[in-house]
Structures are given as C-alpha cells and as structure tokens.
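Reader: Could you walk me through this model before I head back to the bench? I would like to ask about it piece by piece.

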Amino acid sequence: MPARKATMTGTMANFLNAIRPNGNNNNHLTVPTPAKMSKQFSASSTYLATTSLLGKVAVVTGSSRSTGAAIAKCLGEHGANVVVNYVNDADAADEVVQTIRAQGKGGAIAVKADTSTLEGGQLLLDEAMKTFGHIDILVLHSGLMGSKTLSEVDETFFDSHFDTNVKAPLFMAKAVAPLLPSPGGRIIFFSSSLTTASSVTPNALVYLATKGAVEQMCRVLAKDLGTRGITVNTISPGPVDTPMFRDGKPQNVIDAIAKQTPSRRLGDPEDIAGIVGFLASQAGQWINGQNIRVNGVS
C-alpha cells in the first residue's frame with residue numbers, strides 16, 4: 001500500500017513552512033535568516049499579534065515609581081502610548097516617560113494629577129484625550145494603604161481610604177467608559193491577595209474593606225460593560241519588593257514573608273506588570289470579571 005502523505009494546516013503548517021521553505025526536500029531543514037523568519041511569523045502567527053498594544057492609549061494611575069512604573073514601561077514596550085501619572089515626583093515620572101520613548105514603540109507623557117479626587121481623575125483623562133485623541137486602557141493602580149486597628153480608626157482615616165481606593169476609581173471608570181472602544185476597551189482595578197489570606201492582621205481592617213469593595217465593583221462592572229465588549233478585571237498582588245513594602249520592616253520580617261512562597265522570594269514589580277500587559281491586549285479579551293491573584297503561591 002502506498003504511503004499516505006499527511007496534510008497539515010494552521011499554525012503547525014505555518015511553522016514548518018517557516019523553517020522549511022523548500023517543501024519538496026524532506027531530508028534537510030533550511031533555517032531562514034532572522035529577518036525572513038520575523039516577517040513570516042508576523043504575518044502568520046495569531047499569538048504574536050494579539051499581545052501587541054501598538055496604537056493603543058493607556059492611562060495608568062500612580063505610575064511614576066515601583067509597580068506602577070513597571071506597568072507603564074511594560075505597556076509602552078508592547079507598543080502603547082502611555083499616560084504616566086504622578087502627584088509629587090516629577091523627576092521620577094519623567095524618567096518613566098523617557099524610558100518608554102527610548103524603547104521606540106510607544107509614546108508617553110507625564111501628567112500631575114491627584115487621582116484620589118474626582119477632579120484629579122477627570123484631569124488625567126482630559127489630558128490623555130487632548131494628547132492622544134482616544135483612550136483604550138485604564139489601569140487603576142494608585143491607592144492608599146493605612147494601618148489601624150478598630151480601636152484606632154476614626155472617621156477621617158476611614159473616609160480617606162474609601163475616597164481614594166473606592167470612590168475615585170469608581171467614578172474614573174464611569175468617566176472613561178463612554179470613551180473606551182466597543183469592543184476592545186480595558187479597565188483593570190487593583191486589590192490585594194490579603195483579602196483572602198488567613199494571615200490577615202487586625203490593622204488591615206479599613207484597607208481590606210476598601211479592596212473588598214473594589215473586587216465587587218469589578219464583578220458588577222464586568223457584567224455591565226461586558227455587553228459592549230469592554231473587559232473589567234482585578235489584579236491582586238501578594239507582597240511585592242518595593243521601597244514602600246520594605247519601609248519600617250526589619251530584614252528578618254521581610255525574609256519570613258518571602259519564605260511563605262514556594263519560590264521563597266518576594267514578587268517583583270515586573271511580575272505584576274506582565275499580567276497587566278496580557279489583560280490589556282487582545283489576547284485577554286475572553287477574561288472578564290476575574291480577580292487574578294499574582295502572588296507566587298499555588
């Protein structure tokens with residue numbers, strides 16, 4: 001019986017055609033030059049195309065330092081034009097902007113705005129629209145993390161946390177919703193892995209109450225805005241190695257926290273940024289209303 005010749009289609013065929021352009025010679029594989037391979041894969045691979053943010057505009061609150069800065073740089077590296085937000089440190093924000101521009105993929109501007117207020121959030125969106133003409137992605141990263149037990153909490157402490165962590169992000173999402181593309185818009189909230197941690201301490205009372213509210217807002221908004229093809233998700237990091245995390249903690253406490261993960265380390269800002277980049281891209285279009293815990297623990 002004569003041997004049957006297999007017919008391959010789709011991604012596998014594209015891959016084999018790329019590494020074996022002379023299809024009649026089955027005994028020798030010809031590896032193309034990098035330029036040729038890049039051209040073929042960019043035309044045929046769905047996977048590379050769907051993680052690109054080329055031409056998109058992303059607004060990232062609290063993005064001049066640490067995790068926020070890593071998120072802004074990641075989005076810029078994926079091709080997005082990024083609005084870098086700061087309140088006090090203009091030099092740090094400018095450094096993030098210059099890094100994004102130097103990557104040669106996306107543009108960037110820095111905008112001073114206090115996003116703990118409704119006016120500040122609106123200012124940030126207005127500047128984004130004035131500069132880039134549209135907004136595709138809103139990352140609500142900024143927040144307030146105070147530490148008081150029930151006996152220490154007063155009304156001012158409570159209100160400042162709910163204004164910054166709940167009220168301001170909600171109304172910023174409301175303001176950006178009509179501006180986002182339909183389909184394709186993205187809203188990404190930030191919570192904390194502590195909302196479900198058994199090791200939670202009493203002094204996290206108000207902070208975690210606000211983050212619980214954020215998680216529920218995300219669930220509901222995903223149903224609402226999802227009808228327009230806009231996804232709404234939450235990222236809940238575990239401990240991330242930043243100056244704010246280390247502030248006031250002795251090294252032995254930091255080491256003990258790091259050892260709670262199987263990899264025995266703290267998270268890095270880049271660990272968080274990569275997940276934001278994925279959710280913001282077309283590849284994340286079928287992820288909606290989810291709370292993704294980025295904490296290194298299975």
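**Salt bridges, sheet and a buried serine**

Author: A good place to begin in this predicted model is a pair of charged residues, since the side chains of Asp-268 and Arg-265 form a salt bridge with an N to O distance of 3.6 Å.

Reader: And what else does Arg-265 pair with in a salt bridge?

Author: Arg-265 also meets the side chain of Asp-271 in a salt bridge, here at 3.0 Å from N to O, and in this way Arg-265, Asp-268 and Asp-271 are linked in a network of salt bridges.

Reader: Are those residues buried, exposed or partly exposed?

Author: Asp-268 is partly exposed, with a relative accessible area of 32%, and Arg-265 is likewise partly exposed, at 38%. Asp-271 has a relative accessibility of 28%, and because buried would require a value under 20% and exposed one over 50%, Asp-271 counts as partly exposed.

Reader: How many salt bridges are there by this rule?

Author: The count comes to four. Another one of them joins the side chains of Asp-241 and Arg-246, with 2.6 Å between N and O; Asp-241 is partly exposed at 28% relative accessibility, and Arg-246 is partly exposed as well, with a relative accessible area of 32%.

Reader: Let me step back to the whole chain, then. How many helices and strands does the protein chain have?

Author: The protein chain has eleven helices and seven strands. Of its 298 residues, 40% count as buried, and its accessible surface comes to about 16200 Å², with 55% of that belonging to carbon and sulfur atoms. If you look at contacts between residues at least 6 apart in sequence, 71% of them join residues that are at least 24 apart.

Reader: What is the order of the strands in the sheet?

Author: The seven strands form an open sheet in the order S3-S2-S1-S4-S5-S6-S7, and the pairing is parallel. Strand S3 (108-112) and strand S7 (291-294) stand at the edges, where each has a single partner strand, so one side of each is left without a neighbour in the sheet. On average, neighbouring strands of this sheet are turned by 20° against each other, direction ignored.

Reader: Remind me, how do strands of a sheet pair?

Author: In general, strands of a sheet pair through backbone hydrogen bonds, and they may do so either parallel or antiparallel.

Reader: How many bridges join S2 to S3?

Author: Five bridges join strand S2, which covers residues 81-86, to S3, and the two run parallel. To find one of these positions on your screen, look for Val-83, whose bridge partner in S3 is Ile-109.

Reader: Which strands does helix H6 lie across?

Author: Helix H6, residues 118-132, lies across strand S1 (57-60), S2, S3 and strand S4 (137-140), and it runs at about 150° to S3.

Reader: Changing topic, where is Ser-191?

Author: Ser-191 sits in the loop between strand S5 (186-190) and helix H8 (205-225).

Reader: Is Ser-191 buried or exposed, and what are its polar partners?

Author: Ser-191 has a relative accessibility of 5%, and because buried means under 20%, Ser-191 counts as buried. The side chain of Ser-191 is joined to that of Glu-215 by a polar contact of 2.7 Å, and a polar atom of the Ser-191 side chain also lies 3.5 Å from the backbone oxygen of Lys-211.

Reader: Which other residues is Ser-191 in contact with?

Author: Leaving aside neighbours within four places in sequence, the contacts of Ser-191 include Tyr-207, Thr-234, Ile-235, Ser-236 and Pro-237.

Reader: Last thing, the backbone. Where is there a cis peptide bond?

Author: A cis peptide bond joins Ser-182 and Pro-183, with omega at about 5°, and Pro-183 lies in the loop between helix H7 (155-176) and S5.

Reader: And which residues have a positive phi although they are not glycine?

Author: Among them is Ser-66, with a phi of about 50°; Ser-66 is in helix H4, residues 66-77, and is partly exposed at 33% relative accessibility. Arg-264 also has a positive phi, of about 55°, and is found in the loop between helix H10 (251-258) and helix H11 (269-280), where Arg-264 is exposed, with a relative accessible area of 53%.

Note on methods: Residues are numbered from 1 along each chain as its sequence is written. This is a predicted model: local features need pLDDT of at least 70, side-chain atom pairs count only at pLDDT 80 or more; totals for chains, interfaces and linings use all residues. Side-chain values use heavy atoms; hydrogens and water are left out. Buried means under 20% relative accessible area, exposed over 50%, partly exposed in between (1.4 Å probe, protein chains only). Helices (H or I, at least four residues) and strands (E, at least two) are DSSP runs, numbered from the N terminus. Contact means heavy atoms within 4.5 Å. Accessible areas come from the Shrake-Rupley method with a 1.4 Å probe; for residues, only the protein chains shown count as cover. Two strands pair if DSSP finds at least two bridges between them. Axes are lines fitted to C-alpha atoms, for helices over the stretch in contact, and angles run from 0 to 180 degrees between N-to-C directions. A polar contact is a pair of N or O atoms within 3.5 Å; within protein, one must be able to donate a hydrogen and the other to accept it, and residues adjacent in sequence count only if both atoms are side-chain atoms.
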